[in-house]
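Student: I've got a protein model open and I'm a bit lost. Can you show me how to read the places where its parts touch?

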2 protein chains.
Amino acid sequence: MEKIVGILGGMGPAATVDMLQKFVDHTPATRDQEHIPILVSSIPTIPDRSASILGDGPSPLPAMQEYTQRLVQGGAKCILIACNTAHYWDKALQAQCPVPIFSMLETAAEAALNLNATQIGVLASTATIEKGLYRRELEKRGLHCIEPDPHNQKAVWESICALKAGDLPKARTLMQHQKELLFQKGAEVIILGCTEIPIILAQEAAETPHRYIDATLTLVQRAIAWYKEK
Amino acid sequence: MEKIVGILGGMGPAATVDMLQKFVDHTPATRDQEHIPILVSSIPTIPDRSASILGDGPSPLPAMQEYTQRLVQGGAKCILIACNTAHYWDKALQAQCPVPIFSMLETAAEAALNLNATQIGVLASTATIEKGLYRRELEKRGLHCIEPDPHNQKAVWESICALKAGDLPKARTLMQHQKELLFQKGAEVIILGCTEIPIILAQEAAETPHRYIDATLTLVQRAIAWYKEK
C-alpha cells in the first residue's frame, strides 16, 4: 500500500502553499523520490468558514466532504485540513471519511504541553476563538489559554484578511502588536492558530522559535511521523 | 462546469510548491474564493526523468499517466506538468488524456518571441538539453538557442541536484557562474528551463526580470488566462 497524504486546502491557497513548503523543508530527503507523496485539493470556492460559524454564511461542510472524498478516491490514506477554523467541522468530516483526519488543534496543543509552559497564548480567527477550538484542547491538557479581548481580536482578524488579500505589510503591522499584547498578558508561548499567521509572523517565529508554536508545522510533523511508521 | 487546474507535480516537490506559490502571487484576488481551483499530485516516487532519458533508468511515463488520470478523475479540466524534463513525454501523455496539457516549452518559447530578442540562452537539465526540448521550440520560432557546452552543463546539473538535496547555497554559487557564461556567449535573455532554476536564481530574476524567462511562470500565466476564458 502506497502511503499518500491528502491535504484539504484552498482555505486559503497561501496557507496551502505554506503547508506544502513545510513538508519539503522538514522531510529528510536527498532526492525527489525520498519526499512524501501528497495529493492536494486547493479548491478555494469552499464557502467561508468564519462567515458560516459567525452566523450569516452557508456551511462549508458539503464542499469539504466532497473534496475529501476526491482525495481518498485519489489514494490519500490520511487527511490534513489546511485551515484551523475549518477544524470546527473535523468530527463531522471524520464521520464520513474512511481514513484518519489528523487534527491540527490536537497536534498544536500537544506541542504546547511538551514545552512545559502553562500559559498559552492563541492567535487565531475570530470564529476559532469564539468557538473555543483551542481553548478546549488546551484546558483538556491542564493548560491555561490566553486570548485577545474582543476589541483586539478584531485587529487579529483584520490582519488575517489583509494577508488573504495579498497585503503582507499591513498584516504584519497589525499582528506584531497583537502578539506583543498576548506576551504582556502573560503568555509564555503563542500558538499561531490560523494557517495565515505563520506566514504573517514568519520572521518572529524564525528568530525566537521557542516563543511560538506553528500549528501548521505541528500537523506536518505528525504526518511525516505517520508516513515513517511501518 | 467548474474549471479546475490539475498539476502533475512531485518532480520535485520544491518545484511543485514554487508553481503553486506563483498561482497565489499572480492571480488577482482579494479573498480566498477568487483564487483558482487547483488539484495537485505531488507524488515524488515517479521514476527519475533524467535517468530515463539519459539511458539507464525506468520510464516515468506509466506513473505520469496514472497520476494524470487521477487528476482528471478528480475534476481537472487542464493539466500542467511541473517539470520541464518530463515534457519529453508530453505528447505521449496527451495521447491518453482527455483534457488539454499545456506545454511549458511552448509558453516559455512564446515568451521569448514576445520579447523581440533573438539570442536565447537556456539553463535546463542535461536531459532537456541533450534532447533539444527547448532548442526545437525556439528554432521553430526563428530564435537562436544558446546552451552551455557539455563541461559547463555538468555544473548546471550539479546545481539542480544540490537544490533537490536542500543545499541552496551550493546550488546558487554554481548556477550564478553558468548564467554569466551564457550572457558572455551572447544570450540576450535566459530561459530558466528547469523548475528548480527559478528557485535557485530567484534573486537575479527579481532584480533583472527582463533578462530571464521563468518557464514555470509562463505556464502559470497560461493557466490563469485559460481559467478566465468564458
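Tutor: Sure, let's begin with the two chains. Keep in mind that this is a predicted model. To read a contact, look at which residues take part on either side: here 37 residues of chain B are in contact with 37 residues of chain A.

Student: How much area do chain B and chain A bury between them?

Tutor: About 2800 Å², with 56% of it on carbon and sulfur atoms. On the chain B side, V17(B), D32(B) and Q33(B) lose the most area to chain A, and together they make up 22% of what that side buries.

Student: How many salt bridges are there between chain B and chain A?

Tutor: For these, you look for a Lys or Arg nitrogen within 4 Å of an Asp or Glu carboxyl oxygen. The count between the two chains is 4. Try finding D32(A) and K164(B): their closest N and O atoms are 2.9 Å apart. There are also 13 residue pairs in polar contact between the chains, counting pairs with both residues at pLDDT 80 or more.

Student: Which helices and strands of chain B help make the side that touches chain A?

Tutor: α1 (13-26), β2 (38-42) and α3 (61-73) of chain B each supply at least two residues. α1(B) gives the most, with 6 residues. Sorted by class, that side of chain B has 19 nonpolar, 11 polar and 7 charged residues.

Student: And β2, how does the strand in chain A run relative to β2(B), parallel or antiparallel?

Tutor: Antiparallel, and 5 bridges join β2 (residues 38-42) of chain A to β2(B). To follow one of them, start at L39(A), whose bridge partner in β2(B) is S41(B).

Student: Can I read contacts inside one chain too? What domains does the assignment give for chain A?

Tutor: You can use the very same approach. Domain 1 is 5-103 + 218-228, and domain 2 is 105-214. Their contact takes 21 residues from domain 1 of chain A and 23 from domain 2 of chain A. The C-alpha centres of these domains lie 20 Å apart.

Student: What area do domain 1 and domain 2 of chain A bury between them?

Tutor: About 1700 Å², 56% of it on carbon and sulfur atoms. In domain 1 of chain A, N84(A), S103(A) and T218(A) lose the most area to domain 2, together 36% of what that side buries.

Student: How many salt bridges are counted between those two domains of chain A?

Tutor: The count is 1. As for polar contacts, 11 residue pairs are counted between the domains, both residues being at pLDDT 80 or more.

Technical notes: Residues are numbered from 1 along each chain as its sequence is written. Chains are lettered from A and ligands numbered from 1 in the order in which they are written. This is a predicted model: local features need pLDDT of at least 70, side-chain atom pairs count only at pLDDT 80 or more; totals for chains, interfaces and linings use all residues. Side-chain values use heavy atoms; hydrogens and water are left out. Domain bounds come from an automatic or database domain assignment. Contact means heavy atoms within 4.5 Å. Buried area is the accessible area (1.4 Å probe) that two parts lose on being put together, summed over both. A salt bridge is a side-chain nitrogen of Lys or Arg within 4 Å of a carboxyl oxygen of Asp or Glu. A polar contact is a pair of N or O atoms within 3.5 Å; within protein, one must be able to donate a hydrogen and the other to accept it, and residues adjacent in sequence count only if both atoms are side-chain atoms. Helices (H or I, at least four residues) and strands (E, at least two) are DSSP runs, numbered from the N terminus. Ala, Val, Leu, Ile, Met, Phe, Trp, Tyr, Cys and Pro count as nonpolar, Asp, Glu, Lys and Arg as charged, and the others, Gly among them, as polar. Two strands pair if DSSP finds at least two bridges between them.
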